[in-house]
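Visitor: Could you take me through one part of this model up close? I'd like to hear about the aromatic rings and whatever sits around them.

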Amino acid sequence: MKPHHRLLDILPPIVQAPMAGVQNHRLAVAVCEAGGLGSLPAAMLSTSDLQSELQALKQSTQSPYNVNFFCHATPTPDAARELAWHQALAPYYRELGLDPEHIPKGPGRVPFSTEAANILEAFRPAVVSFHFGLPTPELVARVKSWGSLVLSSATTVHEALWLQAHGADAIIAQGLEAGGHRGMFLTEDLSTQIGTFALLPQIVQAVQVPVIAAGGIASPAGVAAAKALGAAAVQIGTAYLCSHEATTSALHRSVLQSPTAQHTALTTLFSGRPARGVVNRLMRDLGPLNPVAPAFPLATAAIAPLRTAAEAAGSSDFTPLWSGQNASACCHLPAADITRDFLQAWVSA
Ligand SMILES: Cc1cc2nc3c(=O)[nH]c(=O)nc-3n(C[C@H](O)[C@H](O)[C@H](O)COP(=O)(O)O)c2cc1C
């Protein structure tokens, strides 16, 4: 018998994937108002931005919403690796007229913390989701004490069992097709990573908690297929990237809506952890999984000036063009329309 969390009764079957860097509360609100579960990604927000985004979200919808955090361990910078990384990027700095001696430092992405929990507490979101495992048991207990439902991504059966044992109320089965960062946290071995329709039924069989399918789901038929394989809900990211409410750049949108988007790969170059994006020049030149990239999230800082300069000249050579393997549904439509199509497919499946 599967344990039951009362919040699961109100959880919509369509979850808009939190997507740091390409959305704010507006996308979440549009999805919530259309009957899906909208998500606010917090990984790239300062504490004051988190506060104002949550305020805006709360003011704009009465429906349940999800707030998402990364929960990686902050790495110790490695001077030798930083130097090798800067040397690998130096030719590009020169090409774009940037000074390779002045590469900014910066964490890029911050993990869930007591400070974030202090802000979150006033909002008590219906759902709080995590990527890269779970925060400390104390922080998990604190979030659960507000009545929030705790979700996290699993990329293997082993990770799903770990998350269930450590308090996750539902598990997001993130297949290899998924856009953005792999949520993998118990292994760095990419050969353990499998496709959504192989991973989902194995996790459904292994755990007692509900399982949410993610990765490559981009059409009503994909939603129905995930339901047939035992999903309690689906989490969809890429299909929302070109919606009116996403903040995805014009460059990124045009790549997603072109045949170029048919070729994605996992790359560590933009952050230090494997993430799926459309193959571009940097990935082709250095190899998408080049070990010279510093540990997550330290690789981001040295890429940022290249990205800014190239984008100003209309080039996506240094842009992380995050995308899942199925960008075929990326259309310039209101997120509400996209959500309603998926909800309809779920209900009639
Ligand atoms: C642009 C982009 C950004 C993402 N950022 C996050 C994030 O901040 N937090 C998170 O938990 N997942 C993030 N993901 C992964 C999604 O949660 C989800 O696993 C994925 O979008 C599902 O696959 P799909 O893109 O094929 O629909 C991101 C995905 C994309 C495409």
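Guide: One definition before we go in: a charge sits over a ring if NZ of Lys or CZ of Arg is within 6 Å of the ring centre and within 35 degrees of the ring normal. Bear in mind too that this is a predicted model.

With that in hand, go to phenylalanine 132. The charged end of arginine 273 sits over the ring of phenylalanine 132, 4.0 Å from the ring centre. Arginine 273 also lies over the face of phenylalanine 296, this time at 5.3 Å from the ring centre. So much for the charge; now look at the backbone on either side of it.

Phenylalanine 132 itself is in the loop between β4 and α5. Its phi is positive, about 80°, although phenylalanine 132 is not a glycine. Most residues other than glycine have a negative phi, and most peptide bonds are trans. Over at phenylalanine 296, the peptide bond to proline 297 is cis, with omega about 0°. Proline 297 is placed in the loop between α10 (281-286) and α11 (299-312).

Is phenylalanine 132 buried or exposed? Its relative accessibility is 4%, so phenylalanine 132 counts as buried.

Next, the ring-to-ring contacts. A pair of aromatic rings is described by the distance of the centres and the angle of the planes. The structure holds nine aromatic pairs. In one of them, the ring centres of phenylalanine 70 and phenylalanine 132 are 4.8 Å apart and the planes are at 65°, so this pair is edge-to-face. Phenylalanine 70 belongs to strand β3 (residues 65-70), while phenylalanine 132 is in the loop between β4 (127-131) and α5 (137-145), so the pair ties together parts that are 62 residues apart in sequence. Both phenylalanine 70 and phenylalanine 132 are buried.

Another pair is made by phenylalanine 112 and phenylalanine 130: with centres 5.3 Å apart and planes at 65°, it is edge-to-face. Here phenylalanine 112 comes from the loop between α3 (79-95) and α4 (114-121) and phenylalanine 130 from strand β4, so the parts tied together are 18 residues apart in sequence. Phenylalanine 112 counts as buried because its relative accessibility is 7%, and phenylalanine 130 is buried with a relative accessible area of 1%. Add Phe69 to Phe112 and Phe130 and you have one aromatic cluster.

While you're around β4, have a look at arginine 124, in the loop between α4 and β4. Arginine 124 has a positive phi of about 40°, and it isn't a glycine either. Its relative accessibility of 45% makes arginine 124 partly exposed, whereas phenylalanine 132, the positive-phi residue in the loop between β4 and α5, is buried.

So, to retrace the route: arginine 273 has its charged end over the ring of phenylalanine 132, and phenylalanine 132 pairs edge-to-face with phenylalanine 70. On the other side of arginine 273's story is the face of phenylalanine 296, the residue joined to proline 297 by the cis bond.

Definitions and conventions:
Residues numbered from 1 in each chain as written. Predicted model: local features only at pLDDT ≥ 70, side-chain atom pairs only at ≥ 80, totals over all residues. Heavy atoms only, no water. Phe/Tyr/Trp six-rings, centres within 6.5 Å; stacked < 30°, edge-to-face > 60°. Helix = DSSP H or I, 4+ residues; strand = E, 2+ residues; numbered from the N terminus. Buried < 20%, exposed > 50% of the residue type's maximum accessible area, 1.4 Å probe, protein only.
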